[in-house]
Each structure stands twice: as C-alpha cells, then as structure tokens.
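Dear colleague,

I am handing over the structure we spoke about, and it follows directly below. After it I have set out what was found, going from the whole chain to single residues.

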Amino acid sequence: MAGLAQLPQPGRALTQKRFLMLVNFVYIKRDTPVHRLDPRVKWILLFSYAFSVMQTVNFWFTLFGFIGAAFYYSQARLKWSETRRPWLFILFLTFMLVVVNYFISGGAIAQGIDLSHQHILYRLPFIGFKAHIPFITSAPTIFSVESITFIMTQAMRNISIALLALPVTYTTDPGFTGIAFKEMGVPDKLSYAIDLSIRFLPTIVRDFGTTLDAQRARGFEIDKLRGGFFSKIAKLAPLLVPVVIGSIVGAEDIISAMELRCFGIGKRTWLTELHARQIDRILITVSIAGFVTVTTINILGNFYTHGFLHFLHTQGIPPFLVP
C-alpha cells in the first residue's frame with residue numbers, strides 16, 4: 001500500500017536507513033491498550049493536553065501531566081530501537097529551546113515570572129549583547145531557584161507533549177487519520193488533506209531511498225561530495241530531480257483521480273466507520289473537561305493575585321530548590 005511506510009530491510013544501504021528513520025514515522029501494528037484506542041481519542045488527548053499545559057508555568061501541574069503522559073506512552077509498548085531517531089531529534093530540540101535559549105537570553109526567559117527578586121544560586125561568566133560596537137560584551141548568566149524551576153518545567157512540558165504525540169503515528173493505522181478528523185467535525189477537504197500529508201511523506205522517503213540505491217549502483221557516492229555549499233547542492237541533482245519530478249507527477253495523478261470522482265462537489269462518505277468504546281468516550285470526556293477546566297481557571301485567575309484560582313500563574317517552586 002503506497003501510503004504505508006515499511007520498516008527498513010536489513011539488506012538496504014545504511015544511508016537509506018538513516019534517512020528513513022530520521023523523517024519517517026512508521027506504523028507498528030501491535031495489540032496494546034493504546035493501539036486499541038479510537039484514533040479520535042489520541043488526537044483529542046494530544047490537543048487537549050498540549051493547549052492545557054501551555055497555559056501554565058506551575059511546576060507541580062506540569063509534573064503531574066508529565067507522569068500521566070509517561071504512563072500513557074508506556075502502554076504503547078514502543079521500543080527504543082523503533083523510536084530512537086525521533087527521540088534524539090526531540091531531545092536535541094528541547095535542549096536548544098530550553099538550555100541554549102536560556103544562555104542566549106542571559107537567563108531572562110522565565111515568562112510571566114517576576115525575576116526582580118530572585119533567589120540567586122550561581123553567576124556563570126558568559127557573553128552578552130549590547131546595542132553599540134562591539135555589540136558583544138561579558139555578562140554573567142544568573143542561575144536562580146526561579147530560573148531553574150522554569151527550565152525544568154519547560155523541559156517536562158515539551159517532553160510530555162512528545163510522549164503523547166509519538167504514539168499517535170506509531171500506533172494508528174494511517175488509513176484512519178482522515179476518518180478520525182472527519183468524525184471530529186473537520187471538513188472533508190481538510191480531513192483528506194491531513195490524510196494525504198501523513199501518507200505523502202513516507203512515499204517521498206521511499207522514493208528517495210529507491211533513487212539513492214539506483215544512483216549508487218551507477219557509481220554516485222553521496223558520502224564523498226566535495227566543494228562549497230552550492231556546489232554540493234548542484235551535485236545532488238541526480239537525487240533531488242527524480243524525487244521532485246516523481247512527487248509532482250504523483251500529486252497530479254491524485255488530483256486527477258479526485259477530480260474524476262467529483263471530490264469537493266458535495267458531502268462525501270468514507271468507507272470505514274469508527275465506533276467508540278466506553279473507554280474511548282470516557283477519555284474524550286475527561287480530556288475535553290480537563291482543557292475547559294484549566295482554561296477557565298486560567299481566565300479567572302487573571303483577576304486575582306493569590307489563591308487557588310491563581311495557581312496556574314505561580315511556579316510552585318520545589319522545596320529542595322529553596323536555599
């Protein structure tokens with residue numbers, strides 16, 4: 001099936017396997033609690049949690065969500081060897097967004113938190129920026145209880161969202177993606193666009209691997225390209241041109257097939273229907289109710305400077321960090 005990406009075969013070139021595992025999310029068919037969930041549950045749970053946790057800087061709220069997301073991910077029974085590439089990318093991206101951004105901003109990234117009265121723990125000599133020549137100066141990076149708590153909260157927030165996002169693609173048959181969005185009330189055109197986008201990337205990766213094998217058989221050595229940046233791009237033409245042209249031709253074939261079937265003229269029906277179980281309905285209800293509750297508390301908390309309704313706007317600093 002063209003939309004389904006296949007697992008890399010042991011006999012394929014190492015370079016192709018690297019590209020496959022870097023950009024491709026492979027559906028892994030298993031019988032686990034997460035696999036058995038309705039696809040709508042996975043998407044609603046992901047969106048509800050992501051939009052909820054982005055509204056708070058509270059350490060304990062984020063920690064609770066992180067523990068719940070880790071338990072959910074464990075129920076998918078995904079092996080490290082199967083998800084290593086995506087996780088390496090996620091951890092690298094989290095490190096850049098949290099740690100590197102903290103150093104670049106001079107420790108002033110704790111949004112919504114008063115840094116005028118910090119509990120400073122350490123001043124690390126570092127570089128800073130100024131508005132006149134030479135534009136770079138020495139400036140200490142401050143590590144405080146507030147900033148460390150914020151870094152920990154940000155890291156848990158990003159990783160917990162990833163813990164909910166990865167199982168969506170690895171445990172859901174790609175053929176159910178468009179149906180899931182359609183039955184969540186998304187229009188036919190947008191639902192089918194999402195379905196095609198998820199199927200299209202594995203197809204491009206497969207075509208790239210096939211083209212790479214064919215060109216290597218003709219003596220093309222991608223690992224030994226020399227020259228400048230633009231020179232290397234020009235030398236990649238034997239790989240890029242066939243893949244791009246093939247993708248355009250494939251897209252035109254899909255467009256022609258959809259036009260022949262009068263797609264977009266009227267309301268469409270889908271071959272497969274999703275039937276929610278009792279556990280699916282419970283999880284959908286809890287997810288939506290949780291998002292509405294957090295959003296309501298967040299809105300009402302803006303009218304107060306203390307009390308329970310304001311807890312989403314407080315850090316909730318762990319006692320072991322307090323000097």
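Of the 323 residues of the protein chain, 35% count as buried; please keep in mind throughout that this is a predicted model. The accessible surface of the chain comes to about 19,100 Å², and carbon and sulfur atoms account for 68% of that surface. As for secondary structure, the chain has ten helices and two strands, and the elements run, from the N terminus on, α-α-α-α-β-β-α-α-α-α-α-α. Among the contacts with a separation of 6 or more, 73% are between residues 24 or more positions apart.

Helix 3 is described in some detail. It covers residues 59-74, which is 16 residues, and it reaches 22 Å from its first C-alpha to its last, close to the 22 Å expected at 1.5 Å a residue. Its buried residues are Phe 59, Thr 62, Gly 65, Ala 69, Tyr 72 and Tyr 73. Seen down the axis of helix 3, these buried residues fall within an arc of 145°, so they line one face of the helix. What they pack against is helix 2 (39-53), helix 4 (80-104) and helix 5 (145-170), whereas on the other side of helix 3 the residues Phe 64, Ile 67 and Phe 71 are exposed.

Further along the chain, helix 9 takes in residues 237-260, with Ile 248 among them. Ile 248 has a relative accessibility of 44%, and because the partly exposed class lies between 20% and 50%, this residue counts as partly exposed. Ile 248 is also one of the members of a nonpolar patch on the surface, which is formed by Leu 240, Val 241, Val 244, Ile 245, Ile 248 and Val 249 and has about 490 Å² of accessible area in total.

Finally, there is a polar residue in helix 10 (residues 278-301), namely Asn 298. Is Asn 298 buried or exposed? With a relative accessible area of 14%, Asn 298 is buried, because buried means under 20%. If its neighbours within four places in sequence are left aside, the residues in contact with Asn 298 are Gln 55, Leu 312 and His 313.

With best regards

Notes
Residues are numbered from 1 along each chain as its sequence is written. This is a predicted model: local features need pLDDT of at least 70, side-chain atom pairs count only at pLDDT 80 or more; totals for chains, interfaces and linings use all residues. Side-chain values use heavy atoms; hydrogens and water are left out. Patches are made of residues with over 30% relative accessible area and no salt bridge: like charges are joined within 9 Å, nonpolar side chains (Val, Leu, Ile, Met, Phe, Trp, Tyr) within 5 Å. Accessible areas come from the Shrake-Rupley method with a 1.4 Å probe; for residues, only the protein chains shown count as cover. A salt bridge is a side-chain nitrogen of Lys or Arg within 4 Å of a carboxyl oxygen of Asp or Glu. Helices (H or I, at least four residues) and strands (E, at least two) are DSSP runs, numbered from the N terminus. Buried means under 20% relative accessible area, exposed over 50%, partly exposed in between (1.4 Å probe, protein chains only). Contact means heavy atoms within 4.5 Å. The expected span of a helix is 1.5 Å times one less than its number of residues. The arc is that of the directions from the helix axis to the C-beta atoms.
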